[in-house]
Amino acid sequence: MITSANGGGSAMPATGAKPAASRRRHGKMKTVNQTVIILLLALLVLLTLVPILFMVFSSLKSNAQILSSFWSMPDPIRWGNYGEAFASIWRYIVNTLGYAIVASAIVILLSSLAGYLFAKKTFPGKEFLFVMMLAMLMIPGVLTLIPSYVLYENLGLTNTPWVIIVASAAGGQIFGTFLCRSYMAGLPGELFEAARMDGASEARVFFGIVIPLSLPILATLFIMHFMGVYNDYIWPLLTIQDSKLQVIAVGLTIFKKQFGISDMGIQFSAYAISAVPLVLIFTFGMKYYIQGMTQGALKM
């Protein structure tokens with residue numbers, strides 16, 4: 001009986017080995033799945049970078065190198081392409097940066113004010129006004145293109161910097177108000193009440209409490225609107241005739257017509273130079289951009 005009992009007990013390790021083997025198989029499958037995911041993501045990144053790498057390599061080639069050896073490395077490297085390209089487009093870049101910075105600053109100021117009012121103040125028709133404002137987001141911009149042009153033409157703003165600044169500021173305020181209102185609604189109201197009890201004015205509450213606490217969403221809004229103004233093509237093409245006031249998106253097409261197909265290396269250099277401001281602003285503002293988008297999504 002004792003031997004039998006011992007024999008029955010010796011079967012326990014065999015049954016216990018099954019969960020261990022199952023865990024090993026599960027671990028192997030998890031490793032395989034992670035490897036497949038990493039490979040797919042690496043392929044996606046590679047496909048995304050191919051046009052960028054092609055642009056950079058082509059910007060250092062001559063026209064003969066581009067046409068004869070499409071995927072080869074530049075030999076010799078033509079650094080002079082960037083000098084010629086920058087000399088032709090620097091004015092367009094400066095114009096666009098000025099328009100984008102001023103318009104984005106106006107959008108931040110107006111959107112933060114409107115978002116604070118809709119989030120923390122009570123007044124008649126607040127919800128109706130907010131819904132009507134959001135309804136304007138559903139109207140495609142192409143439908144208002146010609147009426148907007150007629151309006152700014154009658155105001156005498158066409159072919160001036162203000163036609164870009166005012167139009168972009170007015171168009172970006174709706175979405176900006178929605179973002180700011182959703183974010184500021186989650187701010188604790190006790191802070192505002194305590195500040196008012198201490199004698200702070202509404203301006204002091206807004207600029208001293210609301211703005212500092214809302215910096216992530218304001219940075220997000222600035223980056224989004226800046227990129228929108230910088231990449232805009234249709235509106236500047238329609239409203240700006242003076243090349244000295246033109247933006248970079250339209251300036252690149254003028255540059256292409258100027259040099260034609262005989263200077264493709266310089267064209268690619270111009271494309272690469274024009275992308276530098278966007279890369280820089282997103283690189284240095286990516287932390288605040290992600291933080292603002294994440295916190296804003298959680299508070300909606």
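Author: In this predicted model, contact means that heavy atoms lie within 4.5 Å of each other.

Reader: With which residues is Thr239 in contact, once its neighbours within four places in sequence are left aside?

Author: Leaving those neighbours aside, Thr239 is in contact with Tyr149, Thr158, Asn159, Val163 and Ile164, and Thr239 itself is found in helix α11.

Reader: Why is Thr239 called buried?

Author: A residue is buried when its relative accessible area is under 20%; Thr239 has a relative accessibility of 0%, and therefore it counts as buried. Across the protein chain of 300 residues, buried residues make up 33%.

Reader: What makes the approach of the Thr239 side chain to the backbone oxygen of Trp235 a polar contact?

Author: The side chain of Thr239 reaches the backbone oxygen of Trp235 at 2.8 Å, and since a polar contact asks for a pair of N or O atoms within 3.5 Å, the distance of 2.8 Å satisfies that cut-off.

Reader: How do you know which helix supplies the largest share of the lining of the largest pocket?

Author: The lining has 28 residues, and eight of them come from α7, which is the largest share; α6, α10 and α11, like α7, each supply at least two residues. The volume of this pocket is about 950 Å³.

Reader: What is the character of the residues in that lining, nonpolar, polar or charged?

Author: The lining divides into 19 nonpolar residues, eight polar ones and one charged residue. Among the residues nearest the centre of the pocket are Gly141 and Ala167; by the classes used here, Gly counts as polar and Ala as nonpolar.

Notes
Residues are numbered from 1 along each chain as its sequence is written. This is a predicted model: local features need pLDDT of at least 70, side-chain atom pairs count only at pLDDT 80 or more; totals for chains, interfaces and linings use all residues. Side-chain values use heavy atoms; hydrogens and water are left out. On a 1 Å grid over the protein atoms alone, a cavity is a set of points where a 1.4 Å probe fits but cannot get out, and a pocket is an open set with protein on both sides within 12 Å along at least five of seven lines; lining residues have an atom within 4 Å of a point. Grid points are joined across faces, edges and corners, and a volume is the space filled by probe spheres set on the points. Helices (H or I, at least four residues) and strands (E, at least two) are DSSP runs, numbered from the N terminus. Buried means under 20% relative accessible area, exposed over 50%, partly exposed in between (1.4 Å probe, protein chains only). A polar contact is a pair of N or O atoms within 3.5 Å; within protein, one must be able to donate a hydrogen and the other to accept it, and residues adjacent in sequence count only if both atoms are side-chain atoms.
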